[in-house]
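User: Could you take a close look at one part of this model for me, the aromatic side chains that pair with one another and what surrounds them? I would also like to hear about the cysteines.

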Amino acid sequence: MTAAAEGARTLDATARPRVAIIGTGQMGSRHVEAWQRLGAEVVVHSRSAERGRAFASEHGVRSVTEPSEVLAAADVIDICTPTDTHATLAHWAAGAGRHVVCEKPLAREPAEGRTMIDACIDAGVGLCVAQVLRYFPAYVAARDAVAAGRIGRPKEFTFFREAESPGAQTWFADVVRSGGLLVDLAIHDLDYARWVAGEVSEVVGRTTPRADAGSPQRSAATLTHVDGVTTRVEAVWDVPGTPVRSTFELAGDEGVLRFDSAPRQVVTDGTGAVVYADDGSVDPFAEQFAEFVTAFAGGVEPRVTAEDGLTALAIALAAEESARTGRPVDPASLLR
């Protein structure tokens, strides 16, 4: 994080954070709950005053309707709006000297993401992207086990993630706005794979379109990491009512780690022995926000930075481009 510029809000890591959440959808709800666990003073803003009031009443926070009220009430602006609005809101917040938390993906296009990062640097405020998978305890435990040599030299990683299909009338279903399945859903695992296995030199993507409006859509990305690891990520938008489920297998030359979020989040090794069992005591969203506040106050950088968010976006879009063209894509080419 940079030193605060003139007009930028300074933040005291020991004080109660003042946060304005913009957006009243599913992620807005998840974020407000996490901020409340940290004791933050939270306000919420929605384009619809009626929706904002209903959301505020449900979560026990205050709704504000005017942009000036948002800025007066907060030192941190938390963006939980559709992906194609992230850049505009981040520029507005940075221009007013407010720190920025942005729900993933960072932006719709890498060029937008770069302008967001540059604007926050120029304003002397922090920008953090909520790639929250790096904070889920089972995933953290698996990364630590890999780093400790539990599987020997990493060779092949496999990830799977499934969620119900977005409604046809929602912005998620509009690929122009959301980026589609790989950008919106698979980006969790793409970011985590890079965190564990290192930089990605090549991506091959594939998408299986729906046979009809009620059938699943599948997309996959195969990553080649600079250090030789191969990662395969598959994501599915399935029929309505499908619960969110994620799995992984991290294989090396001396062992393997496996995880399945259903029925309970447990990491096992090749013998079936439990390496980690989640007891529900850690809120990964609150964990990440605590790190973000520390960084905004001039402390150490969080484990996921805005640059990490930008790189994850480039990997996801490289997979989309590869799926369209049938050719491998270097994600770095999308950042030039």
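Analyst: Arginine 143 lies over the face of tryptophan 195, at 4.1 Å from the ring centre. Please read this and every value below as computed from a predicted model. Tryptophan 195, the residue beneath that charge, counts as buried, because its relative accessible area of 16% falls under the 20% limit.

Tryptophan 195 also has an aromatic partner in tyrosine 192: the two ring centres are 5.9 Å apart and the planes meet at 65°, so this pair is edge-to-face, the class for angles over 60 degrees. Both residues belong to helix 8, and because they are three residues apart there, about one helical turn separates them. Tyrosine 192 is buried as well, with a relative accessible area of 0%.

From tyrosine 192 the contacts continue to another part of the chain. Its ring and that of phenylalanine 159 have their centres 5.8 Å apart, and since the planes stand at 80° to each other, this pair too is edge-to-face. Here the partners come from distant parts of the chain, 33 residues apart, with phenylalanine 159 in strand 7 (residues 154–164) and tyrosine 192 in helix 8 (residues 181–197). Phenylalanine 159 counts as buried, at 2% relative accessibility.

These three aromatic residues are part of a cluster, in which ring pairs link Tyr139, Phe159, Tyr192, Trp195, Phe248 and Phe259. For the model as a whole, the count comes to 12 aromatic pairs.

Turning to the cysteines, the count comes to zero disulfides. A disulfide is a covalent bond between the sulfur atoms of two cysteines, and the cut-off applied here is a sulfur separation within 2.5 Å. For cysteine 102, the closest cysteine sulfur is that of cysteine 80, and because the two are 8.4 Å apart they are too far for a bond. Cysteine 128 gives a similar reading, with its closest cysteine sulfur in cysteine 120 at 9.4 Å, which is again too far for a bond. Cysteine 102 is buried, with a relative accessible area of 0%, and cysteine 128 is likewise buried, also with a value of 0%.

Notes: Residues are numbered from 1 along each chain as its sequence is written. This is a predicted model: local features need pLDDT of at least 70, side-chain atom pairs count only at pLDDT 80 or more; totals for chains, interfaces and linings use all residues. Side-chain values use heavy atoms; hydrogens and water are left out. Rings of Phe, Tyr and Trp (its six-membered ring) pair if their centres lie within 6.5 Å; planes under 30 degrees apart count as stacked, over 60 as edge-to-face and the rest as tilted. Helices (H or I, at least four residues) and strands (E, at least two) are DSSP runs, numbered from the N terminus. Buried means under 20% relative accessible area, exposed over 50%, partly exposed in between (1.4 Å probe, protein chains only). A charge sits over a ring if NZ of Lys or CZ of Arg is within 6 Å of the ring centre and within 35 degrees of the ring normal.
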